[in-house]
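Biologist: I should like to learn how to read the features of a protein structure. May we go through one together?

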Amino acid sequence: MSGGTAAPAARAASGADADASGRDERDERDASDERDVSERREAEGREGPETAPDERAGAGAAEDASESGAGAEDPESSEGGAAAARDERDEKNGETGEHAKDADEERPEQAGEPEERAAGAGPDGAEEISAARADSENDENPKDRKNDEDREDAKEDKEDKGDEDGEGGEPTATPGTPAADRTAVLRLPADGGTDRASAGGKGGDERPKDAREAEDAGEAGSAGDVGDAGASAGTADTRGSEDAKSAKDQAGGKGAGKDGDGGRDDDGEDAGPEADRTAMLRVPTTTGTADAPDAADAADDGTTSPRATGAADRGTTHLRVADKAPAGPAPAEPEAERPAAPPAPDAPPDSARDPLELLAALTNRPPPPPTPWRTAVRRFKIWTPLVLLLLIVLAVVQSVRPLPEPVLDLTAAESYAFEGDMPEVPWPAAGQATLSVAGLGTFGSSGEQEPIPIASVAKVMTAYVILRDHPIEGDGTGAEITVDQLAEDEAALSEQNESTVVVRAGSTITQEEALQAIMIASANNVARLLARWDAGSEEAFVEKMNEAAAELGMDDTTYTDPSGLMAETVSTSEDQTRLAQAVMEYPVFRDIVILPEYTDSLGVTHPNWNHLVPLGGVVGIKTGTTTAAGGNLMFAARQEVGGTSQLIVGAVLGQPPHPSDNSILTGARESGRALMTFAQEQLRAETVLAAGDVVGEVDDGLGGRTPVTVTEDVQAVGWPGLEVGIELNGGDEGVPSSADAGAEVGQLTVGDGPGQVVVPLALEEALAEPGFSARLTRIG
């Protein structure tokens, strides 16, 4: 509804409610007025187009409204003066809406309850009052009446044009029906009608008061037309000029004509697609602008105007409202003075809300303001579960991780030094010499350690390579070697002072016999035969000899032939002592070199060139003499000390002939004998540790330590001034992770090599696996 009509209608309704006791009298008057209006309309209809413009300004207004409600059958009848007054009418439409707004602001307490106000009013009442007003206009100023007639013509023209655009009027009530029972039905636009009508009322109060009064007087005769147009614009519950002018604005062009439903049929039903519903509002029948001052005066005086009160109950209007149209009137306000939007409806109770929406309302709450304490608590709540989870995972991982292997740690001294000064060694006057005890240490060396020819001592490396690559197990004799023709032929070289043995081509000899031939008889032809059998050629075998020397650390040694006959095969006494200690580890070799003689496969016995064996504990090893090399001897002897068998090894090289027989071989043997005898005399045993002494502990790798002791006295073998090493080891099976007290868990060794001292170790107390706390706190 437009703002120019809704508020005055509300104020009129309040007056009508206050004067409910006079309704019966008004109803009788309405019936009488209706008959008069009907007769007047019939008379005006007979006059037709010949009616003067002055007369149409009064009585013709009701007829035009009836014709417009019936479908606008003769729209051309009102076009005579429309063109001349259209501009003036548009300007005044805005002013009229503002005038109605002012009246509405003066009487807000009378608004509302349109249904009660419309109970006694109807289109017939509007027609009756329009006729009465038309009669009263005859006494007005002719000039003002002329202006009013022009405006009425323009209004009729616009209403006719609106009908042509699609807003047909509703049929009027049937003559003869009582005023209280007749209904005026008007079509409203689906959207925006109310807004456009409201806009028309924003013209304001800028016009002079006399101009507004003149317009009110001119519109008094068209009450029926205005009543229908006012209903079309959504007006309800008002009488007077404000309602008429607001309705005229609605019907004149800014209202429903352009956005309407497109007309209604004779039964009042929808003729357009958008009018889907009908809203009923009780609307008083307007009597022209002359009633507005009465209502305004009554409101100003605090009383109820009889005219306003009687009109509030005179009609009922059915309004067809589109889906989007508002259900009730909404007064238009200037944009700058529009009231604030109504408050949002109350939220539904929690029981009727969607669970997700309720959950969001409960959880999405603003956090409290941060404080140091809240920040600390929040961080504690966040990090505490994470830390606990990490600790649980760490505990599980630590408990299932494999335990480290336990080891033996030595707590006793790592070495033992024999008391006394180092004795003077009887070194040979010439050449080179070295004296050592395998596993204990060395007495030292004499002479300048530079490579010199070693003659047949080179055959020791030939035997070492053969045993390394073709070991002989236990009491076996080794592989069968086929004698080639070259080996048989080279046996005749003995006539040229070479050491050889007779062999037959095509025959076979054992590996053991071949080793006996080169180590005891010093046969050069068999040494070359072994080289060819092993490597395919002497040259290839020589390469293997040099590789083995490098592996043993014999840095000053070079081999050029398997027999050592060539003067280019050179070494030092220290390098040959290393080789002697290594080769004596082979039992087969030890068994061969200790023999004073051997018998070959042909039944020939061959004596050992080393005449020192097996006397005085001498167990080998090999002699070698040439004119270029002089006398050379690699020797070995045994000495029992402290329950151990100590192996004495050494070498003498480049020895001159002995004075007793002028033989270089004798010179080498005597030099070697003196050194072996000296070593045997110097070796002695001393108690290093007593049985039950704690010498170490078992470390389980997680901080647990269990002490271990030696099960018997520990004696170290050596000589004055010698320092021997002491070590702990877990034996062949390793150190157990748990064991009872007294159980053997390893060994203690003193020294190294074949003469080292070995004593069992036992637990002083029970050994247990690490506990859960130790597993949990271990690192690494």
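Modeller: The dialogue below takes up a sheet, a helix, a strand and a single residue in turn. Please bear in mind that this is a predicted model.

Biologist: In what order do the strands of the open sheet lie, and how do they pair?

Modeller: Strands of a sheet pair through backbone hydrogen bonds, in either the parallel or the antiparallel sense. In this structure, an open sheet of five strands follows the order β7-β6-β16-β15-β14, and its pairing is antiparallel. At the edges stand β7 (441-446) and β14 (618-626), each of which pairs on one side only. From one strand to the next, the twist averages 10°.

Biologist: Which helix packs on the sheet?

Modeller: That is helix α24 (residues 664-682), which touches β6, β7, β14, β15 (630-641) and β16 (644-655). The direction of α24 makes about 25° with that of β15.

Biologist: How many bridges join β6 and β7, and which residue is the partner of S436?

Modeller: Strand β6 (residues 432-437) pairs with β7 in the antiparallel sense over five bridges. The bridge partner of S436 is T442, in β7.

Biologist: Let us turn to a helix. What span does α16 reach, and where does α16 bend?

Modeller: Helix α16 (residues 372-400) comprises 29 residues, and 42 Å separate its first C-alpha from its last, close to the 42 Å expected at 1.5 Å a residue. A bend of about 30° occurs at W383, and a proline, P385, follows within four residues.

Biologist: Which residues of α16 are buried?

Modeller: They are T375, A395 and Q398. The elements that cover these buried residues include α25 (772-776).

Biologist: Which residues of strand β21 form its covered face, and which its uncovered one?

Modeller: In β21 (residues 723-729), the covered face consists of V724, I726 and L728, while E723, G725, E727 and N729 make up the uncovered one. Strand β5 (residues 415-417) pairs with β21 in the antiparallel sense over three bridges, and A417 has E723 of β21 as its bridge partner. Strand β22 (residues 744-750) also runs antiparallel to β21, joined by four bridges. There, the bridge partner of E727 is T749, in β22.

Biologist: Finally, is E686 buried or exposed, and why?

Modeller: A residue counts as buried when its relative accessible area is under 20%. E686 is buried because its relative accessible area is 18%. This residue, E686, is found in strand β17 (residues 684-689). Leaving aside neighbours within four places in sequence, E686 is in contact with Y416, F418, E419, V714, Q715 and A716.

Terms used:
Residues numbered from 1 in each chain as written. Predicted model: local features only at pLDDT ≥ 70, side-chain atom pairs only at ≥ 80, totals over all residues. Heavy atoms only, no water. Pairing = 2+ DSSP bridges. Helix = DSSP H or I, 4+ residues; strand = E, 2+ residues; numbered from the N terminus. Axes fitted to C-alpha atoms, helices over the stretch in contact; angles between N-to-C directions. Contact = heavy atoms within 4.5 Å. Expected span 1.5 Å × (residues − 1). Bend = angle between axes of the 7 residues up to and from the residue. Buried < 20%, exposed > 50% of the residue type's maximum accessible area, 1.4 Å probe, protein only.
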